[in-house]
Amino acid sequence: MNARAILPALCLCYCFTVSGCAPYPGRVAASLKGPQLRNGVVGPATETAGGSREMIVWNAPDLNNGQTWAFSPNYSQDDIDRSLNLCPPAGVLFGEWKDVEKNQSQHVAPMRLIHGWSAASQFAGSDFWGTHRYRDWNVLLVGSGGFEQFAAPANDPNFADWSEVQDLYVQNPEIGRIIEVEWDSGFFAPEMAPQLGDETVVVGRWDFDCGHESATKSGEVKTTGFRSEMHAPAILISAHITKNEPSSLQTRYKIFAGSRSGPLDTVPLLFFFQRLWGTHINQLGGQDYSIALQAPQDGWRIASCTSEEGTPPGGRSKKIETQLQPSDGGKSLTLTLLAKPFNSGARVGRSMIVNAVWVPENSPGRQGAVKCE
Amino acid sequence: MRVSLRIRLLGLLAVPALLLGADKLQDALAGLKSKDASTYEKAAEFLAKHPQQARDPLQKLLQQYDDKDALTRFRAAKLLGDLNDQSSAEVMKKVLFSGLETNAAVRVEIIRALAKLGRKDVIIAYSNSGLEKSATVTAAIALALQGSADEDSKAELGRLLSSTDDERVSRAAVFAISKIYKPVLENPRNAMASKSSGLSKAASSRGKLPAPPPPPSTTPDDKAGNAKAKLEPTAADQAIFAALKAKGESKNPAITKEAAALLQEISKIYKQP
C-alpha cells in the first residue's frame with residue numbers, strides 16, 4: 001500500500017525537481033546559447049541621432065486602437081493595483097501571465113504594438129519546463145513616446161533578476177522603463193532576434209508576468225506591482241545598419257512572424273497534463289499587416305534590395321506569403337504580410353530577411369522602379 | 001596532553017578552513033564585478049549568507065569611487081541594504097554627503113538601501129541638504145518616504161512637492177503622499193482611535209525616527225462618534241495640502257489631475273486650512 005502511494009509521490013517530486021529548467025532547442029547554434037554582445041551604454045546605436053529617423057514604420061492595421069489600459073509615465077496607484085489585482089498571492093501557481101487588458105467579453109486580449117530599441121537580446125537564464133517547450137529568447141527593449149504606456153511601474157530598470165539590466169541602468173541612470181519581450185525558442189528562431197542596439201517593433205500579447213514582483217520583500221520600500229511585458233510576440237521586426245558610408249547605406253531587416261508561442265497558458269500545478277497539448281496562439285491570421293522599411297535618415301532612396309528566407313521556427317505552421325515593393329517614390333519599402341486568408345487562430349508563420357541598399361536621392365543612376373529580388 | 005594535542009590538531013584544521021573561507025569571500029567580492037549573470041548571482045548569494053564577513057569589504061567597495069566600478073558599487077549598496085546591518089547606514093550617509101558618488105543609479109540604490117534599513121532620518125537629512133541635483137534620485141527619495149506618516153517625512157514630502165517642477169519628482173511625491181493618507185481614507189475611525197498617529201504601519205516601526213506625533217485632534221462632534229467629523233491637520237499635513245493645491249493648479253495636466261483628486265479625497269476627512 002505504502003509503495004503504491006510513495007512511488008507516484010516520489011516520481012512527482014522528482015519530475016518537479018528536474019523540470020526546473022526548460023532546455024535549449026537542439027537546432028540552435030552553440031554561440032547563441034551563451035551570453036550575447038553587450039554594451040551598457042545606450043548611445044547612438046540605440047537611438048536616432050540628429051537628422052535620423054525610425055527605420056521601421058508600422059502602417060496598418062492600427063493595433064493600438066481602442067486600448068483600454070495605458071500606464072502613466074510614473075507612479076500611479078491604479079497602475080500598481082492593476083497588476084496586484086490580476087496577480088493574486090500565489091497566483092503564479094495558477095497561471096503566470098495575465099493579460100493587462102483583461103476583458104471578460106473577449107476570448108483573448110487584443111494584440112498590441114510597441115516600438116523600441118534592443119538593449120539586450122539573449123536566452124533566458126532559466127525557465128520552468130512546465131510552462132515552456134524550450135527556453136525563452138528574451139529581448140530587452142528601451143524606448144520613448146508611446147512606449148511608456150505599455151511599461152508598468154515595476155518596469156523601472158533596477159530589477160535584480162537580470163544582471164544585464166543592472167549594467168544597463170548603472171550606465172544610463174535616466175534610461176526610463178524597460179520592457180521584456182519573451183518568446184519560447186521552440187516557436188521562435190533566435191537567429192532572427194534583434195542584435196544589440198537594433199530598432200525593434202513587436203506585436204503580441206501584452207501581459208503581466210506574475211512571477212516578477214518589484215521592489216523588496218523586506219524593508220519599507222513597498223511593492224510597485226508586477227512587471228508588464230510582451231509574452232509572447234506574434235511579430236518581431238528589427239532593423240540593423242550593416243554599412244554606413246556617405247555614398248551608400250546598407251540595412252538589414254529581420255522579419256519573424258508566428259502565431260504559436262508555447263504552453264505559457266498552462267497552470268503550473270497541472271503542467272504534466274496541460275503542457276502536452278497547450279500552446280498559446282496569438283490571433284495573427286485573418287488580416288494583412290503592412291510595414292514601411294526605411295533608410296535611417298531622410299534624403300535617401302532605395303538603390304537595390306534582396307529578400308531571403310530567414311531561419312524557420314520549430315514545429316509545423318502554414319507559411320504567410322509576403323509582398324515587398326518600393327513606395328513613396330523609392331524612399332521606403334513596403335512589406336505586407338498576407339495573413340488575411342487564414343483563420344484568426346491558425347498556426348501560421350513567416351521568417352524572412354530583407355537587405356536594402358540606399359543612396360542619396362540626388363545621386364546619379366537609375367531613378368526608376370526597383371524590384372526586390 | 002591529550003587536550004593540548006586536540007587543540008593543536010584543531011588549529012591545524014582551522015587554518016586551511018579559514019584560508020578557504022577567505023578565498024571564497026575574495027572570489028565572491030570579485031564576482032560582484034562580473035558581467036556574467038550566474039557568477040554575480042552566486043557571489044551575491046554567498047555574501048548574503050555570510051553577513052559578518054561580507055559587511056566590511058562591501059562597505060569598502062561602496063567607497064571606491066571609480067567610474068569603471070559603478071556596477072560593483074551599485075551591487076554593494078543593494079547587498080548592504082539586504083544585510084540589515086546598521087553600521088552600513090553610516091557608511092552610506094558618508095558616501096551621500098561626500099558628494100563623491102557621481103553615479104545617480106548608485107545613489108538611488110543607496111536611498112533604497114537606507115529605506116530598507118529604516119533610516120529615513122538619513123534620507124531626509126540628505127534631501128534637505130540640497131546636495132542632490134538628479135531628478136531620478138530625488139524621485140527615489142520621495143518613493144522611499146512613501147507611507148511614512150511621521151511629521152518629518154510628511155514635511156519633507158511637502159517640501160519636495162512644492163519645490164520641484166520635474167514631472168518625475170512630482171509624480172513620485174504625489175504617489176508617496178497618497179500612501180500616507182490612504183489608510184486614513186479607508187478607515188478614518190481607526191485613525192482617530194489610534195494612540196499613535198495611526199496613519200501608517202510603516203511609520204517609526206524601527207524606532208530610529210523621532211517619536212510619533214500625537215493623534216490628530218478632532219472636533220467635539222467627532223468625540224461624540226460623528227463619522228463626519230474631520231481631523232485637525234498638523235503643520236506637516238498643512239504643508240502637504242498647500243503643495244498639493246499648488247500642483248493642482250500647475251501647467252502639467254496629468255499632475256494637476258492627480259494632485260487635485262488626492263486633495264479632494266483628503267478634504268473629506270481632514271479640515272483644510
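**Notebook: a sheet in chain A, helices in chain B**

Started with the sheet in chain A: 4 strands make an open sheet, ordered E1-E9-E13-E12, and the pairing is antiparallel. For the record, I am working on a predicted model. I checked the edges next: they are strand E1 (56–60) and E12 of chain A, each pairing on one side only. I also looked up the twist, and neighbouring strands in this sheet are turned by 25 degrees against each other on average, direction ignored.

**Pairings around E13(A)**

I went through the partners of strand E13 (residues 332–338) of chain A. With strand E9 (residues 289–294) of chain A, E13(A) pairs in the antiparallel sense over 6 bridges. Within E13(A), A:Leu335 stands opposite A:Ile291, and A:Thr334 stands opposite A:Ala292.

Then I turned to strand E12 (residues 321–327) of chain A, which pairs with E13(A) over 7 bridges, antiparallel again. Here A:Gln325 stands opposite A:Thr334. So I have two entries for A:Thr334: A:Ala292 is one residue opposite it, and A:Gln325 is another.

**The turn at A:Asp328**

What connects E12(A) and E13(A)? They form a hairpin with 4 residues between them. I stopped at A:Asp328, found in the loop between E12 and E13 of chain A, since its phi is near 55 degrees, a positive value in a residue other than glycine. Is A:Asp328 buried or exposed? I noted 12 other C-beta atoms within 10 Å, so A:Asp328 counts as exposed; the cut-off for exposed is 12 or fewer.

**Cis peptides in chain A**

I logged a cis peptide bond between A:Ala60 and A:Pro61, with omega about -5 degrees. A:Pro61 sits in the loop between E1 and helix H3 (77–86) of chain A. I logged another cis bond between A:His231 and A:Ala232, with omega about 5 degrees. A:Ala232 lies in strand E7 (residues 226–244) of chain A.

**Over to chain B**

Which elements does chain B have? I get 14 helices and 0 strands. Of its 273 residues, 44% count as buried. For contacts in chain B with a separation of 6 or more, 63% come from residues 24 or more positions apart.

I picked one helix pair to look at: helix H9 (residues 151–163) and helix H13 (residues 235–247) of chain B, whose axes come within 8 Å and cross at roughly 20 degrees. That angle is under the 35-degree cut-off, and therefore H9(B) and H13(B) are roughly parallel to each other. The crossing is left-handed.

Who meets whom? On the H9(B) side I listed residues including B:Leu157, B:Gly158 and B:Leu161; on the H13(B) side, B:Ala239, B:Ile240 and B:Ala243 are among them. The residues of this contact divide into 9 nonpolar, 2 polar and 4 charged.

One backbone oddity to file here: B:Asn84 has a positive phi of about 60 degrees although it is not a glycine. I found B:Asn84 in the loop between helix H4 (70–83) and helix H5 (86–98) of chain B. With 14 C-beta neighbours inside 10 Å, B:Asn84 counts as partly exposed.

**Where the chains touch**

Last lookup: 22 residues of chain A are in contact with 30 residues of chain B. On the chain A side, the largest share, 5 residues, comes from helix H4 (residues 163–171) of chain A. I split that side by residue type and got 7 nonpolar, 10 polar and 5 charged.

Methods:
Residues are numbered from 1 along each chain as its sequence is written. Chains are lettered from A and ligands numbered from 1 in the order in which they are written. This is a predicted model: local features need pLDDT of at least 70, side-chain atom pairs count only at pLDDT 80 or more; totals for chains, interfaces and linings use all residues. Two residues are in contact if their C-beta atoms, placed from the backbone, lie within 7 Å. Ala, Val, Leu, Ile, Met, Phe, Trp, Tyr, Cys and Pro count as nonpolar, Asp, Glu, Lys and Arg as charged, and the others, Gly among them, as polar. Axes are lines fitted to C-alpha atoms, for helices over the stretch in contact, and angles run from 0 to 180 degrees between N-to-C directions. Angles under 35 degrees count as roughly parallel, over 145 as roughly antiparallel, 65 to 115 as roughly perpendicular and the rest as oblique. A crossing is left-handed if the near helix is turned anticlockwise from the far one by less than a right angle, and right-handed if clockwise. Two strands pair if DSSP finds at least two bridges between them. A residue is buried if 20 or more other C-beta atoms lie within 10 Å of its own, exposed if 12 or fewer, and partly exposed in between; C-beta atoms are placed from the backbone.
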